[in-house]
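Student: Hey, I've just opened this one and I'm a bit lost. Can you walk me through it?

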Amino acid sequence: MVVDTLDNLEKYVSLNPLFPEVVKFIRENDLARLEPGKHVIKDNDLFVNIQVAHAKSEGEAVFETHRRMLDIQIPLNACEAYGYTPLARLPEADYNEEKDVTKYPGAKAETLVKCRPGEFAIFWPQDGHQPCIGEGDILKAIFKVKA
């Protein structure tokens with residue numbers, strides 16, 4: 001897991017061959033003005049979902065992991081907190097191959113991190129993450145990047 005400011009995103013491009021495309025897309029688009037929904041950048045390997053998430057309490061938010069894709073999550077209008085627990089310490093759960101997600105209802109966060117507008121969080125397949133913790137509605141961009 002990485003949490004940093006968008007000003008530093010370019011420093012991470014060596015970590016995945018598709019990260020330069022993410023940086024380019026962010027430079028060329030105002031994420032907060034994109035229509036909600038899926039925006040394909042490079043076939044099924046790279047896309048961004050713009051969504052309004054209804055924030056939850058830490059107890060209501062559900063942990064998830066992904067096997068094929070990693071997430072770069074960017075809150076656009078409000079602070080969002082994420083629970084974090086390494087996959088190795090999460091309980092066994094069923095994987096939904098079609099949606100590339102495993103959900104872990106009831107799992108507890110070992111760490112809670114906050115991400116504000118102008119910041120991002122990267123979650124790799126080994127990172128259990130519990131998104132959408134906060135208050136109100138959170139406009140966010142979720143880049144899905146082939147891991």
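Tutor: Sure, we'll go through the strands, the pocket and a few single residues. Keep in mind that this is a predicted model.

Student: Okay, what is the order of the strands in the open sheet?
Tutor: Six strands make up that open sheet, in the order S1-S10-S5-S12-S3-S2, and the pairing is antiparallel. At the edges sit S1 (2–5) and S2 (37–42), each of which pairs on one side only. From one strand to the next, the twist averages 20 degrees.

Student: Which strands does helix H1 lie across?
Tutor: H1, residues 19–28, lies across S2, S3, S5, S10 and S12. Relative to S12, H1 runs at about 145 degrees.

Student: Let's zoom in on S5. How many bridges does it have with S12?
Tutor: Seven bridges, with S5 (residues 69–75) and S12 (residues 137–146) antiparallel to each other. For example, Gln73 is opposite Ile142 in S12, and Asp71 has Lys144 as its bridge partner there.

Student: And how many bridges join S5 to S10?
Tutor: Three, again in an antiparallel arrangement. Asp71 turns up here as well, standing opposite Phe123 in S10.

Student: How many of the residues in S5 are buried?
Tutor: Seven of its seven residues. Met69, Asp71, Gln73 and Pro75 point one way, while Leu70, Ile72 and Ile74 point the other way.

Student: Switching topic: how much space lies in the largest pocket?
Tutor: About 480 Å³. There are 26 residues lining that pocket, and the closest to its centre are Glu64, His66, Lys103, Ile142 and Lys144.

Student: Which element gives the largest share of the lining?
Tutor: S3 does, with five residues. The elements that give two or more residues are S3, S5, S8 (101–104), S11 (127–133) and S12.

Student: What's the lining like by class?
Tutor: Twelve of the lining residues are charged, nine are nonpolar and five are polar.

Student: You mentioned His66. Where does it lie?
Tutor: His66 is in the loop between S4 (63–65) and S5.

Student: Is His66 buried or exposed, and why?
Tutor: His66 counts as buried because its relative accessibility is 6%, and the cut-off for buried is under 20%.

Student: What does His66 touch?
Tutor: Leaving out residues up to four places away in sequence, His66 touches Asp71, Asp100, Val101, Pro125, His129 and Lys144. If you'd like a distance too, the C-alpha atoms of His66 and Ile122 are 12 Å apart, with their positions 56 residues apart along the chain.

Student: Asp100 is on that list. Where does Asp100 lie, and what is its phi?
Tutor: Asp100 lies in the loop between S7 (95–96) and S8. Its phi is near 50 degrees, which is a positive value in a residue other than glycine. Asp100 is also buried, with a relative accessible area of 3%.

Student: What about the phi of Cys132?
Tutor: Cys132 has a positive phi of about 70 degrees, although it is not a glycine. Cys132 lies in S11, and with a relative accessible area of 10% Cys132 is buried.

Student: Which strands does S6 pair with?
Tutor: One is S9 (residues 111–115), joined to S6 by five bridges and running antiparallel. In that pair, Tyr84 has Thr111 in S9 as its bridge partner. S6 also pairs with S11 in the antiparallel sense over five bridges, and there Pro86 is opposite Asp127.

Student: Are the faces of S6 covered or open?
Tutor: Both faces are covered. Glu80, Tyr82, Tyr84 and Pro86 are buried on one side, and Ala81, Gly83 and Thr85 are buried on the other. That fits the count for S6 (residues 80–86), with seven of its seven residues buried.

Student: Last one: what is Ile50 in contact with?
Tutor: Ile50, which lies in S3, is in contact with Leu31, Leu34, Glu35, Pro36, Gly37, His39, Leu139, Lys140 and Ala141, leaving aside neighbours within four places in sequence. Ile50 is buried, with a relative accessible area of 3%. Its C-alpha atom is 15 Å from that of Ala121, and those two residues are 71 residues apart in sequence.

How values were computed:
Residues numbered from 1 in each chain as written. Predicted model: local features only at pLDDT ≥ 70, side-chain atom pairs only at ≥ 80, totals over all residues. Heavy atoms only, no water. Pairing = 2+ DSSP bridges. Helix = DSSP H or I, 4+ residues; strand = E, 2+ residues; numbered from the N terminus. Axes fitted to C-alpha atoms, helices over the stretch in contact; angles between N-to-C directions. Contact = heavy atoms within 4.5 Å. 1 Å grid on protein atoms, 1.4 Å probe; cavity = no way out; pocket = protein on both sides within 12 Å on 5 of 7 lines; lining within 4 Å. Points joined across faces, edges and corners; volume = space filled by probe spheres on them. Nonpolar A, V, L, I, M, F, W, Y, C, P; charged D, E, K, R; others polar. Buried < 20%, exposed > 50% of the residue type's maximum accessible area, 1.4 Å probe, protein only.
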